[in-house]
Amino acid sequence: QANISPEKVDETFMGNVISSSLDAAYLSRHVALKSGLAIKTPSLGINRLCGSGFETVVQGAESIILERSAVTLCGGTENMSQAPMVIDGLSARFGTALGKGLKAEDSLWAGLS
């Protein structure tokens, strides 16, 4: 815990790769608001695959170096257990032969390999 007053934080950067929940697009905003930051505080979500969390630190440091911010909130998070199984649209769009079934693919594996 940094014990920094929320009023001192100027920007939020959060990294996330697999947007596995319905509100994952707003992750950085949720983190900022749940941390007590003002609604006017800018928040940016970053997807750089395995480098997402590190990229947030780079962006936060750059913001401080360029004097846009004095304090930034940076981090990364994942909820890979909620990554959905998906079915290829080309094979499912017009149906499949009786008894053939559809092949579900793990979106986590497909997205990271």
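This is a short walk through the structure above, from its overall outline to a surface patch and then to its cysteines. Keep in mind as you look around that the model is predicted.

Let's start with the fold. Four helices and five strands make up the secondary structure of the protein chain. Reading from the N terminus, you will meet these elements in the order β-α-β-α-β-β-α-β-α.

Now step back and take in the outline. The C-alpha atoms occupy a box of roughly 60 × 25 × 25 Å along the principal axes. The radius of gyration of the protein chain is 19 Å, whereas a compact globule of 113 residues would have one near 13 Å. Of those 113 residues, 26% count as buried. The accessible surface of the protein chain comes to about 8,000 Å², and carbon and sulfur atoms supply 58% of that area. As for how the sequence folds back on itself, take the contacts between residues at least 6 apart: 61% of them join residues at least 24 apart.

From here, zoom in on the surface. L49, M80 and L112 come together there as a nonpolar patch, and their accessible area adds up to about 250 Å². M80 is a good residue to follow from this point. You will find M80 in the loop that runs between β3 (72-76) and β4 (85-87). M80 counts as partly exposed because its relative accessibility is 36%, a value between the 20% and 50% cut-offs. Leaving aside residues up to four places away in sequence, M80 touches L108 and L112. Of these two, L112 is also a member of the patch. L108 lies 28 residues from M80 in sequence, yet their C-alpha atoms are 7.1 Å apart in space.

Finally, turn to the cysteines. A disulfide is a covalent bond between the sulfur atoms of two cysteines. How many disulfides does the structure hold? The count is zero. Why does C50 have no partner for a bond? The closest cysteine sulfur to that of C50 belongs to C74 and is 19 Å away, so the two are too far apart for a bond. For comparison, a disulfide needs its sulfur atoms within 2.5 Å. Seen from the other side, C74 is likewise in no disulfide, with the sulfur of C50 as its nearest cysteine sulfur. Their surroundings are worth a look too: C50 counts as exposed because its relative accessibility is 81%, while C74, at 28%, counts as partly exposed.

Terms used. Residues are numbered from 1 along each chain as its sequence is written. This is a predicted model: local features need pLDDT of at least 70, side-chain atom pairs count only at pLDDT 80 or more; totals for chains, interfaces and linings use all residues. Side-chain values use heavy atoms; hydrogens and water are left out. Patches are made of residues with over 30% relative accessible area and no salt bridge: like charges are joined within 9 Å, nonpolar side chains (Val, Leu, Ile, Met, Phe, Trp, Tyr) within 5 Å. Accessible areas come from the Shrake-Rupley method with a 1.4 Å probe; for residues, only the protein chains shown count as cover. A salt bridge is a side-chain nitrogen of Lys or Arg within 4 Å of a carboxyl oxygen of Asp or Glu. Helices (H or I, at least four residues) and strands (E, at least two) are DSSP runs, numbered from the N terminus. Buried means under 20% relative accessible area, exposed over 50%, partly exposed in between (1.4 Å probe, protein chains only). Contact means heavy atoms within 4.5 Å. The radius of gyration is taken over C-alpha atoms; the globule rule is 2.2 Å times the number of residues to the power 0.38.
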